[in-house]
Structures are given as structure tokens and as C-alpha cells.
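Q: Hi, I've just opened this one and would like to talk it through. Could you start with a term we'll need?

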Amino acid sequence: LQGMAFSLEERLQLGIHGLLPPCFLSQDVQVLRVLRNYDMKKDDLDRYVCLMGLQDRNEKLFYTVLTSDIQRFMPIVYTPTVGLACQQYGLAFRRPRGLFITIHDRFHISTLLKSWPENDIRAIVVTDGERILGLGDLGCYGMGIPVGKLALYTACGGVKPHQCLPVMLDVGTNNEELLKDPLYIGLRHKRIQGQAYNDLLDEFMQAVTNRYSMNCLIQFEDFANSNAFRLLSKYRNTYCTFNDDIQGTAAVAVAGLLAALRIMKNKLSDQKILFQGAGEAAMGIADLITMAMEKEGIPKDQCLTKIWMVDSKGLIVKGRDSLTEEKLRFAQNHPEMKNLEQIIKKIKPTAIIGVAAIPGAFTERIIKDMASFNERPIIFALSNPTSKAECTAEQCYRLTEGQGIFASGSPFDPVTLSDGRRLYPGQGNNAYVFPGVALGVIACGVRHITDELFLTTAETIARLVKDEDLAQGRLFPPLDNIRDVSFKLAVKIVEYAYKNNLATVNPEPENKEDLVRSHMFSNDYDQFAVDSYSWPKEAMAIQSVKL
């Protein structure tokens, strides 16, 4: 549990004295040892394995290390390194984490849940591994995502780790390489879809809420587009659930846009926004942008004219073939066009948002054109991991001569321009959203998570960006402050929930901050020594009798 941090009294009472070296260490010294070992690792995958091993051995020390420098460790436990870790999950596999439920466990999911040792589960992150980041179908290897996500629930938001459960729903994989991989840890057949898949999901949702209550938060993660929207629509009004790829990405992107407006000194409804990509993330962001514009007093039909989308077949316009119901909502009256450079030159958007995982999609020509018809062009390259980004921070800043307002999904290093200015690219990381949302939802027992709650989230994050951050190019608070950001966001969500009758924890507490704090995890070690004391000597006298 805590190694050489056990006191002598604890070692004696626990019967482990002699099993540890005769040395007593503070947690700070243990952190130092971890960091020195960490620095010896040769690459990021080794560093990931090192940290996951620490999580298995000493959970409190793991979170102390993470929170000691979240900006340094977040790219290892989550994007971009977690993507590589998922691809190499069979090789990096040491010890199972989370619950694996397969298509063959139909009618027995409630029994599987009893295998999990904790009974007080407040938050679940579940995936079926079909669309892991921008890497595609990784099947059971995708378990690294729920594990990493929930690690950030605790590190960034303070959600108690024993109340978190990562779940993999294994229905097979269509990835031929994995099916042939001798190290693959999942079911070796093609994905099961259709009614059997739907029945599995229905049973899972029912079994989870039967065991852990209707207040248990269930976050859907990295499901394919064909299932993500459908499942969100199906379950959102029945269960406490959200889809981070749709709603979490939307909140962080809109937070970035709202912060950018402080630089541009205008309104969201003044913008013309073009998306490269029309999947889960694009639709989620577009819907939240529409809601934010409506809040500014613009009619919905007028809001929709300000949002343009480009998918693999080109510009989404009315009359084009093969448009899904989601895409049709954002189809514009315009001739068909296919080339992104030509589309941007014709439409002249004020903001472009990349969410299609096409590396380099924002070419030099596109970035320069954006700068030519915008004084401060907004360029968001949000695809993950870094290798899938539409452009780099350096490309954006240099080609716009520092005028571009940039954000990315994965981290980029600061950029120094020829005039000496040093700009810090904003990372539109969903970690600004889901830990604080989860903490707030858990604290006050929100039963259903509304889109309005995510707009409140975006507005709160944007307000927490300081003017000096904006001057340095940051559209989000520094990652070093993310624990504080998550706390303030959770408090705001609790306030919103009680104001709008979404909370179920009664009576309503007067001090919302104390309520949120009471649900937060402490990295400090527990005390294992029992309360030892003695009575007066005469009271402890042993009575005897002569027989």
C-alpha cells in the first residue's frame, strides 16, 4: 500500500515489521524515487508502463506524482501516449484493470458486476473499442482509454478512485491485424452488431443502475459514429450519462471559442465557422455553438447558416447524396465543392475547426488564406493524438505572423516568433471538462445531464482564463491549475443543478463548496495504527479465584 511510509507502530500492528527495510520515508521521498526511475526510461511507452505499475502498487503515491506536475504527466497517462499504449496493449499488459464484459456474457452481466470488489461505484467510463482516439478499431486494446480517463477523473477532478470503474464491452474487432496478433487479449472474431449489440447495451445499463443506483454516472467513450449519437439519444433521458467525444469535446471547443472572442472583442454570432470533419466531435461542437448563439438572441435557423461542414465527400450542401440525418441539419444552400483549400477560399470562414483526424489537412495555403481575410483567424486543430493534428502550433503562428488564435487537442511546445514573442498554444483537452463535470454531478446527484449543463461548463472554463493567459496565446487556463479549475467547475454545476431542479441530494446544502470538497480524494496516506490506550491499573487488575 504505502511501502516504507508505514510507521514503526503500523508495521508492528500490521505484522509487517521486518518485511520492510528499517527506514521510514515521507511521501515526498517516495515521489523523488519515482521521478528518478521515471527519468531513466528511454521512451514514452516505457514511462506509461512505469506509471501504470505505480498505480497498481501504490494508488495514493501514483496520484501524488501525477498532481505534482500534471502538465508533464498528462500526455503520458492520456493523449497522446495512451494511444500508443492502446496499440501496444498486448505487449504492455501487466495486470488487468477494470471490468471486461463480452457479447457472450449476455443475461449474466449482473453476475459479472458482483466480481468487482467495490460496491460504492459513482462513475463508469465504458468503451467498445471501435473508434479509439483517431486510431480506429483497437478492440479490447481500447481498455487503456477508460483506465486513463478515470485516472484523470481523480488527478484533475479529485473523484475518489475506488468509486470509479473502467469497463470494456468486447463484441469483437474488425481489425485484421489484431485478429492475427498472438498477444491480442480480446475476442477473436468480427464485431457483433445489430440486435444482439443493442441488447447487450440495454442489459449493461440496466445491470449497472440496479447495482449502483440510477445516480451512477456512465460516460460513453470512443464508440463509432454509427453508435455514439444513437446511444446518447437513447439513454440520455433515462440514465445519468454523457458521451465525452460528443459533449465533452463540444464544451472544451466552445470554451476555446468563447475565450477567443475576448481577444477579438466580438460575439459568437459574428463568426462563420467551418469544420473539417462531420463526425461525433463536429456535430457536438456545432450543436453547442448553436445553443450559445441562440443565447445571444439569434434565431436557430440563422445560427445554422453560420456553420459549415466538410466531410470525406466534400462540402455538406443540400441535395448532396448520402447525407445522414445529423449532417442534413447543417447542409447549406451552396454548389457542391470537394477541395478543402478551394472551399475555405470561397466560404471565407472566421474560424476553422479540424476534427477528422487527417494529419496536415490545414495546409500552408489554407493557413495563409485564413490570415488574408481575417485579422485574427481562429484555427483549432483538435484531432488526437498529435500525429493526427491538422497542423502544428508553429505552422499556425509562423504562417499567420503570430495573429492566428490556435488550439489543439494534443499538446504542442511553446513557439518563439522572429519578433521575440513567445506564444503558448492552448490545448483544448477534454480533461478541462469531464473531471469537473463528473465531480459536480456526483456531489449533488444529478439524474440526467443536459446540453445546457455543458454550455454552462464552457462558459465557466472561458471565464477562468485570465487576460495574461490570453496575451500569451492560451485559450484555456494553464494545466497546472486544472485541479482548481475542476473544483470551481464542479461548484458551478452544483449551483446550476439546484437552480434548475436537476439535483437529487436533499436538503440543498447552503455551502456548495463544502459539499464538493466532501466528495474529493486525498492523496495523503491513511493511518493504519489502531487507537491504542490503557486503563487505570486497578481497573485492569485480573480477577482470580482459588479452585
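A: Happy to! Two strands count as paired if DSSP finds at least two bridges between them. Please also keep in mind that this is a predicted model.

Q: Good. So how many bridges join β6 to β9, then?
A: Four bridges join β6, residues 273-276, to β9, residues 351-354, and the two strands run parallel. As a landmark, Q276 stands opposite G354 in β9.

Q: What's the strand order in the sheet they belong to?
A: It goes β8-β7-β6-β9-β10-β11-β14, an open sheet of seven strands with mixed pairing. At the edges are β8 (314-315) and β14 (426-427), each pairing on one side only.

Q: Which strands does helix α17 lie across?
A: Helix α17, residues 340-347, lies across β6, β7 (307-311), β8 and β9. Its direction is at about 175 degrees to that of β6.

Q: Now the five-strand sheet. What is its order, and is the pairing parallel or antiparallel?
A: The order is β1-β3-β2-β4-β5, in an open sheet, and the pairing is parallel. β1 (99-102) and β5 (241-243) are the edge strands, with a partner on one side only. On average, neighbouring strands there are turned by 25 degrees against each other, direction ignored.

Q: And how many bridges join β4 to β5?
A: Three bridges link β4, residues 217-220, to β5, and the strands run parallel. In that pair, F220 stands opposite N243 of β5.

Q: Which strands of the sheet does α13 touch?
A: Helix α13 (residues 244-264) packs on the sheet and touches β4 and β5. Its direction makes about 75 degrees with that of β5.

Q: Changing topic: how many salt bridges does a search of the whole structure find?
A: The search finds 31. Let's look at a few of them.

Q: Okay, what does R72 meet in a salt bridge?
A: The R72 side chain meets that of D39, at 2.5 Å from N to O. The pair joins distant parts of the chain, with R72 in helix α5 and D39 in helix α2, 33 residues apart. R72 counts as partly exposed because its relative accessibility is 33%.

Q: How far apart in the chain are D526 and K60?
A: They are 466 residues apart: D526 is in the segment after α24 (512-517), whereas K60 is in helix α4. They form a salt bridge whose closest N and O atoms are 4.0 Å apart.

Q: Is K60 buried or exposed, and why?
A: K60 is buried, because its relative accessible area is 15% and the cut-off for buried is under 20%. Its partner D526 has 43% relative accessibility, so D526 counts as partly exposed.

Q: How many residues of α4 are buried?
A: Seven of the ten residues of α4 (59-68) are buried, so the helix is mostly covered. They are K60, L61, F62, Y63, T64, V65 and L66.

Q: What do those buried residues of α4 pack against?
A: They pack against four helices named here: α2 (27-39), α3 (44-57), α5 (70-77) and α9 (144-157).

Q: Back to salt bridges: where do K368 and E364 lie?
A: They both lie in helix α18 (residues 364-372), four residues apart, which is about one turn of the helix. Their closest N and O atoms are 3.0 Å apart in a salt bridge. K368 counts as partly exposed because its relative accessibility is 35%, and E364 is partly exposed too, with a relative accessible area of 47%.

Q: Which residues do salt bridges with shared partners join into one network?
A: R131, D222, D245 and E280 are joined that way.

Q: What about the surface: which residues form a nonpolar patch?
A: L8, L12 and F24 do, with about 300 Å² of accessible area together. L12 is in helix α1, residues 8-14. It counts as exposed because its relative accessibility is 52%, and the cut-off for exposed is over 50%.

Q: Last one: where does P509 lie?
A: P509 lies in the loop between α23 (482-499) and α24. Leaving out residues up to four places away in sequence, P509 touches Y498 and L515. P509 and V494 are 15 residues apart in sequence, with their C-alpha atoms 10.0 Å apart in space.

Terms used. Residues numbered from 1 in each chain as written. Predicted model: local features only at pLDDT ≥ 70, side-chain atom pairs only at ≥ 80, totals over all residues. Heavy atoms only, no water. Axes fitted to C-alpha atoms, helices over the stretch in contact; angles between N-to-C directions. Contact = heavy atoms within 4.5 Å. Patch = residues over 30% accessible without salt bridge, like charges linked within 9 Å, V, L, I, M, F, W, Y side chains within 5 Å. Areas by Shrake-Rupley, 256 points an atom, 1.4 Å probe, with all protein chains shown as cover. Buried < 20%, exposed > 50% of the residue type's maximum accessible area, 1.4 Å probe, protein only.
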